[in-house]
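Biologist: Could you take a close look at one part of this model for me, the aromatic pairs, and walk me through the rings there?

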Amino acid sequence: MRVQYTGIFPAMQCPFDQKLAIDEPELRRFTGWLAGHQGIGGLVTNGHTGEIFALTPNQRAEVTRIVADEVKGKVPVVSGICCEGIADAVEHAQMAREAGASGLLIMPPHQWLRFGMKQPENVVDFFTAIGEGSGLDLVVHIYPAWTRASYNFETLAQLARVPWVKCMKVGTRDMNKYARDLRTIRQSNPDVTVLTCHDEYLLASMVQGVDGALVGFGSFIPQMIIDLYAAVRAGDLKAAMDIQARINPLKDVVYGGGEPTGDAHGRMKMAMYLAGILKSPAVQPPTRLPTGAELQAIEDAVRAAGMLARAAA
């Protein structure tokens, strides 16, 4: 399948049962619901929103297998890869390919977050090995500018020319660098598409001329985000601002004034449960679900949006 990597790519939540095992029937139902939205460019498994850090390699492959089997080629499935070394990453990539993934979302190894990257060649070697080992398209996950795993302009330009790299998920979160990141990618390889992953300020990042969005928030409010992107593409700023205004109360109770985090993913899962999108809000520890005033604020926002299907216990 030749994938365009344009449109809205929800980074999927993973439903769990009360024993915290993957709930396959619920994951299949959720997959079908998401894939049924016109404007979805593909589905992403094993992202941060999907609690990848809490899943074993076999569980990660199983999530991808279930989702790919359910969509049966209707939309592409991209599986996240979060590994420390090249051999491990290639092994995970091959498992994802066998599970039915058509592309891979490559996150920086934790060692880069801790120690940084001395040479762009180290990054290029990592991505090249995964591409060669799997034969799949690669989506580069660009981390915030404040992290030591943030790619500089030279590295971005080199990555854009790696044959397997087809798309970049840009989460720079420094709007000045973000704008230059986009220019660098476009100038290095115009065929590489760019997706924003700024869940917490979608409109501001979309109007920079991106090809869509790859966001966990797309699991919760896919139609609003599809409509927002359509308004941006049509140049209808008034409509886009109105849609963003509807998104803001939900965004605020999930992300507050910060970026996506494990706690935010737990808050979003609870909101999805209250909205009837998921039948259980169960999350993998050490993530915890919201309680008290935080939970009440989520319920109030979901109710105000006209989405409340069940009250918090």
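Modeller: Gladly; here is a walk through the aromatic rings.

This is a predicted model, in which local features need pLDDT of at least 70 and side-chain atom pairs count only at pLDDT 80 or more, while totals for chains, interfaces and linings use all residues. Residues are numbered from 1 along each chain as its sequence is written, and side-chain values use heavy atoms, with hydrogens and water left out.

Searching the whole structure gives 8 aromatic pairs. Rings of Phe, Tyr and Trp (for Trp, its six-membered ring) pair if their centres lie within 6.5 Å; planes under 30 degrees apart are called stacked, over 60 edge-to-face, and the rest tilted. One of the pairs joins W112 and Y151, edge-to-face, at 6.4 Å centre to centre with 75° between the planes. This pair links distant parts of the chain, 39 residues apart: W112 sits in helix α4 (residues 110-115), and Y151 in the loop between β5 (137-142) and α6 (153-160). Helices (H or I, at least four residues) and strands (E, at least two) are DSSP runs, numbered from the N terminus.

W112 counts as buried because its relative accessibility is 7%, and Y151 does so at 0%. Buried here means under 20% relative accessible area, with exposed over 50% and partly exposed in between (1.4 Å probe, protein chains only).

The rings of F126 and F127 are edge-to-face too, since their centres lie 6.1 Å apart and their planes stand at 80°. Both F126 and F127 are buried. Putting the picture together, ring pairs link W112, F126, F127 and Y151 into a cluster.
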